[in-house]
Amino acid sequence: MANIRPFRIEVPSSEVEGLKQRLLTSRIPELFEAGWEYGPPVEDIKRIAKYWAEEFSWPSFEKRLNDLPHYEATIAVSGFDPCQVHFIHQRSESPDAIPLLFVHGWPGSFYEVSRILPLLRASEQNGGPAFHVVAPSLPNFGFSSRVNQPGFGIRQYAETCHQLMQLLGYKQYASQGGDWGSSISLSIGAFHPESLRAIHLNLIAGLPPPPTAPLSFIRFLATHFLNLYTDRESQGLKAAQDYQEQGSGYFQIQKTRPHTIGVALADSPVGLLAWIYDKLVSWTDNYAWTPQEVCEWVSLYWFSRAGPAASVVIYHEASKGEWPARAGIAVPSAKMGFSYFPKEIFSTPRAWNRRLGDVIFEQEHERGGHFAAWEQPELLVGDLRVMFGKGGGAHGAVEKSA
């Protein structure tokens with residue numbers, strides 16, 4: 001594997017000092033207090049920005065990050081210049097370990113996997129299924145390089161992840177994803193069904209059956225017009241409506257004018273903090289974010305190799321091209337499992353979701369939101385353990401390779 005190289009995070013001290021100076025000279029406006037209706041309270045932003053400037057230590061955080069097994073690979077996707085892809089790779093010593101691709105989204109990162117890595121290893125030691133875990137920084141995110149050409153959409157992200165798994169020797173593998181990781185995982189399954197044999201998602205977006213499937217369509221109409229959805233399904237549909245009406249402004253901006261917001265995020269660390277902190281709080285289930293955690297997440301964008309402006313371009317590119325991101329990407333060849341968390345930004349009815357493929361695992365949880373691996377790592381790992389363990393629907397789905 002000559003193309004696989006160890007990687008170490010080393011942000012120059014000049015950049016760390018530059019961030020501090022920007023924070024200390026930032027201009028945070030005085031605004032009337034209105035709770036979260038108008039966005040993150042200004043007092044929250046002031047408090048966390050002060051912590052970021054005066055108490056947060058990037059060198060200490062960087063040292064902890066470098067305790068993880070970091071690597072880098074050069075990957076070339078057709079039509080684009082080669083990209084340097086950073087990734088975490090925790091290999092198991094078990095000969096039966098399942099290669100598991102962990103795919104993040106925005107405003108997440110590879111860092112989310114850090115909370116499930118020790119739990120997966122502990123589960124293996126206690127008789128649970130073993131995993132080789134691969135968690136890349138998607139191109140334009142984290143410590144992967146920038147894509148300097150337009151058109152790098154979901155198909156290209158999927159191809160990058162697939163090539164990485166092949167390069168590591170994993171001819172067959174499973175994938176876990178939320179946010180963009182859900183669309184990317186399903187797209188890998190659509191393009192490489194011989195390789196991606198099982199998919200676990202914590203953000204699930206299905207579509208109702210079309211009129212061309214008359215029996216299913218009639219059942220859908222009856223369920224819809226008679227309101228026969230379960231309480232959780234009704235809550236998920238209402239959340240989807242609320243998201244479209246009140247929570248998707250960021251999506252429309254990043255989809256239509258990514259460079260406009262990108263310039264602002266790249267120039268202002270407090271602006272980046274407010275933009276990301278909004279989602280960290282809004283999309284979680286009363287999770288008690290500490291200033292330290294928030295600064296860690298936001299710093300990974302500020303000090304990313306491509307810069308924070310690059311990360312939002314995925315929204316524009318995902319809506320275009322030959323394979324635009326959309327709900328209802330069916331992958332009939334893969335075993336599929338779903339974990340439902342009550343404060344996910346939206347959720348579609350279970351019957352719609354089961355049209356995505358061979359669904360062999362579903363679990364509804366009583367707590368948790370959008371960032372499942374970070375908020376509820378024990379629950380997420382527990383679901384993976386059941387899905388892939390002995391007696392689970394995905395047990396044996398992935399053939400041993402590397």
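UniProt positions are given in the numbering used here, feature names are shortened, and annotations may be inferred rather than shown by experiment.

**Figure 1. Overall fold of the predicted model.** The structure shown is a predicted model. The protein contains 17 helices and 9 strands. Its C-alpha trace extends over about 65 × 55 × 45 Å along the principal axes. For 402 residues, a compact globule would be expected to have a radius of gyration near 21 Å, and the value of 21 Å for the protein therefore agrees with that expectation.

**Figure 2. The annotated N-terminal segment, residues 4–113.** In an unreviewed entry, UniProt lists these residues as "domain: Epoxide hydrolase N-terminal". Helix accounts for 30% of the chain over residues 4–113, and strand for 21%. The C-alpha atoms at the two ends of this segment lie 20 Å apart.

**Figure 3. Packing of helix H4 against helix H17.** Two packed helices are described by the angle between their axes and the distance between the axes. Helix H4 comprises residues 117–125 and helix H17 residues 377–388; their axes come within 10 Å and cross at roughly 45 degrees. H4 is therefore oblique to H17, an angle counting as oblique when it falls outside the ranges under 35, over 145 and 65 to 115 degrees. The crossing of H4 with H17 is right-handed. On the H4 side, the contact involves Leu 119, Leu 120 and Ser 123, which meet Pro 377, Glu 378, Val 381, Leu 384 and Arg 385 of H17. Sorted by class, the residues of this contact are 5 nonpolar, 1 polar and 2 charged.

**Figure 4. Packing of helix H10 against helix H11.** Helix H10 covers residues 258–267, and helix H11 covers residues 269–282. The two axes come within 5 Å and cross at roughly 115 degrees. Ile 261, Leu 265 and Asp 267 form the H10 side of the contact, while H11 contributes Pro 269, Gly 271, Leu 272 and Trp 275. By class, the contact of H10 with H11 consists of 5 nonpolar residues, 1 polar and 1 charged.

**Figure 5. Surroundings of Val 359 in strand E9.** Strand E9 runs over residues 357–364 and includes Val 359. When neighbours within four places in sequence are left aside, Val 359 is in contact with Met 336, Phe 338, Asn 353 and Arg 354. Val 398 is 39 residues from Val 359 along the chain, and the C-alpha atoms of these two residues are separated by 16 Å.

Technical notes
Residues are numbered from 1 along each chain as its sequence is written. This is a predicted model: local features need pLDDT of at least 70, side-chain atom pairs count only at pLDDT 80 or more; totals for chains, interfaces and linings use all residues. Side-chain values use heavy atoms; hydrogens and water are left out. Helices (H or I, at least four residues) and strands (E, at least two) are DSSP runs, numbered from the N terminus. Axes are lines fitted to C-alpha atoms, for helices over the stretch in contact, and angles run from 0 to 180 degrees between N-to-C directions. A crossing is left-handed if the near helix is turned anticlockwise from the far one by less than a right angle, and right-handed if clockwise. Contact means heavy atoms within 4.5 Å. Ala, Val, Leu, Ile, Met, Phe, Trp, Tyr, Cys and Pro count as nonpolar, Asp, Glu, Lys and Arg as charged, and the others, Gly among them, as polar. The radius of gyration is taken over C-alpha atoms; the globule rule is 2.2 Å times the number of residues to the power 0.38.
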